[in-house]
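This briefing walks through one protein structure, topic by topic, for a reader who is meeting such descriptions early in their studies. Please keep the sequence and the 3D view open beside the text while you read.

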Amino acid sequence: MKHQETLLNIPTNGSRLNGFTFDEIGDDHLYTGIETPLKETAFDISDEEKKEKIADLFSQIMDVMGLDLTDDSLKGTPKRVAKMYIEEIFSGLNPENKPKIALFDNKYKYNQMLVEKNIQFYSNCEHHFVPIFGKVHVAYVSSGKVIGLSKINRIVQYFANRPQVQERLTNQIALELSEILDTKDIAVIVDAKHLCVASRGIKDDSSATVTSYYGGVFNTPEKIVELQNYLKL
Ligand SMILES: [Zn+2]
């Protein structure tokens, strides 16, 4: 219990959160804030040191589960997992991996919404460390600058490459784009499947989770309808 509270970094009264204990909350997903909860010391050690430590700790998990780490098929797994965590699926924890974004002048004077839809993403649920995957749709109205389209994919990827909850992923993408493009006129919709719901627990393979962020001009019923029409095309 204590350990979980420290990790989530949220003030609780005793072991309770909003009146519930962590055991009572169980599989239900909590959303504690816009920032990914990182320790102040998160980057005191290098990526190389992190990989070594993770490989060692992961081999301990496998060992505790009774797996034979001398087996040819298993012996490389701890290192593979460590490398995958740091260099791939959780690489977005490190701000050094944030994509460098160049902006261009809006020479075409295009002043309607630009929609980039069906951006495929893979992330991992921070409560179970199993995949969340789906599509992100992004829209913005230029305030004078435009962004290379593939850079939107890179931003989505960067925030997806963290232990995540879908609400936070949605907001992190939106706020980053808002800052880069210097506009509040941003919309982000995330439509995703959570394997912690599909492959275990309640085992519901057909449900999907949709979250959205509508900022600035997108926060009106007309714009939302217009955006939805783009998404139907
Ligand atoms: Zn989960």
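Helices here are DSSP runs of H or I with at least four residues, and they are numbered from the N terminus, so a name such as α3 gives the place of a helix in that numbering. The model is predicted. The protein has eight helices and nine strands, and of its 233 residues 36% count as buried.

**The protein as a whole**

- Among the contacts with a separation of 6 or more, 66% are between residues 24 or more positions apart.
- The accessible surface of the protein comes to about 14,100 Å², and carbon and sulfur atoms account for 53% of that surface.

**The five-stranded sheet**

- Strands of a sheet pair through backbone hydrogen bonds, and this pairing is either parallel or antiparallel.
- Five strands form an open sheet whose order is β7-β4-β5-β8-β9, and the pairing within this sheet is mixed.
- The edges are taken by β7 and β9, each of which has a single partner strand, so one side of each is left without a neighbour in the sheet.
- Strand β8, which covers residues 186-194, has seven of its nine residues buried, and it is therefore largely enclosed by the rest of the structure.
- On one side, β8 runs antiparallel to β5, to which it is joined by nine bridges, and within this pairing Phe133 has Lys193 of β8 as its bridge partner.
- Strand β9, residues 209-214, also pairs with β8 in the antiparallel sense, in this case over six bridges.
- Two residue pairs illustrate the match between β8 and β9: the bridge partner of Asp191 is Val210 in β9, while Val190 stands opposite Thr211 in β9.
- Helix α8 lies across β4, β5, β8 and β9, and it runs at about 80° to β4.

**Helix α5 and the loop before it**

- Helix α5 is made of twelve residues, 149-160, and spans 17 Å from its first C-alpha to its last, which is close to the 16 Å expected at 1.5 Å a residue.
- The buried residues in α5 are Ile152, Ile155, Val156, Tyr158, Phe159 and Ala160.
- These buried residues pack against a mixture of helices and strands, namely α4 (77-89), β4 (114-125), β5 (131-140), β6 (145-147), β7 (163-164) and α6 (166-181).
- Gly148 is found in the loop between β6 and α5, and, leaving aside residues up to four places away in sequence, Gly148 touches Ala102 and Phe104.
- Although Gly148 and Phe104 are 44 residues apart along the chain, their C-alpha atoms are separated by 7.8 Å.

**Salt bridges**

- The structure holds eight salt bridges, and three of them are described below.
- Glu48 forms a salt bridge with Lys51, and the closest N and O atoms of this pair are 3.0 Å apart.
- Because Glu48 and Lys51 are three residues apart in helix α3, which covers residues 47-64, about one helical turn separates them.
- An α-helix has 3.6 residues a turn, so residues three or four places apart point the same way.
- Buried means a relative accessible area under 20%, and Lys51, at 14% relative accessibility, therefore counts as buried.
- Lys98 forms a salt bridge with Glu176, with the closest N and O atoms 3.2 Å apart.
- This pair links distant parts of the chain, since Lys98 sits in the loop between α4 and β3 (103-105) whereas Glu176 belongs to helix α6, 78 residues apart.
- The two partners differ in their exposure: Lys98 is partly exposed, with a relative accessible area of 32%, while Glu176 counts as buried at 14% relative accessibility.
- Glu226 and Lys223 form another salt bridge, in which the closest N and O atoms are 3.3 Å apart.
- Because Glu226 and Lys223 are three residues apart in helix α8, residues 221-232, they too are separated by about one helical turn.
- Glu226 counts as partly exposed, at 24% relative accessibility.
- Finally, salt bridges that share partners join Glu48, Lys51, Lys83 and Glu87 into one network.

How values were computed:
Residues numbered from 1 in each chain as written. Predicted model: local features only at pLDDT ≥ 70, side-chain atom pairs only at ≥ 80, totals over all residues. Heavy atoms only, no water. Expected span 1.5 Å × (residues − 1). Buried < 20%, exposed > 50% of the residue type's maximum accessible area, 1.4 Å probe, protein only. Contact = heavy atoms within 4.5 Å. Pairing = 2+ DSSP bridges. Salt bridge = Lys/Arg side-chain N within 4 Å of Asp/Glu carboxyl O. Areas by Shrake-Rupley, 256 points an atom, 1.4 Å probe, with all protein chains shown as cover. Axes fitted to C-alpha atoms, helices over the stretch in contact; angles between N-to-C directions.
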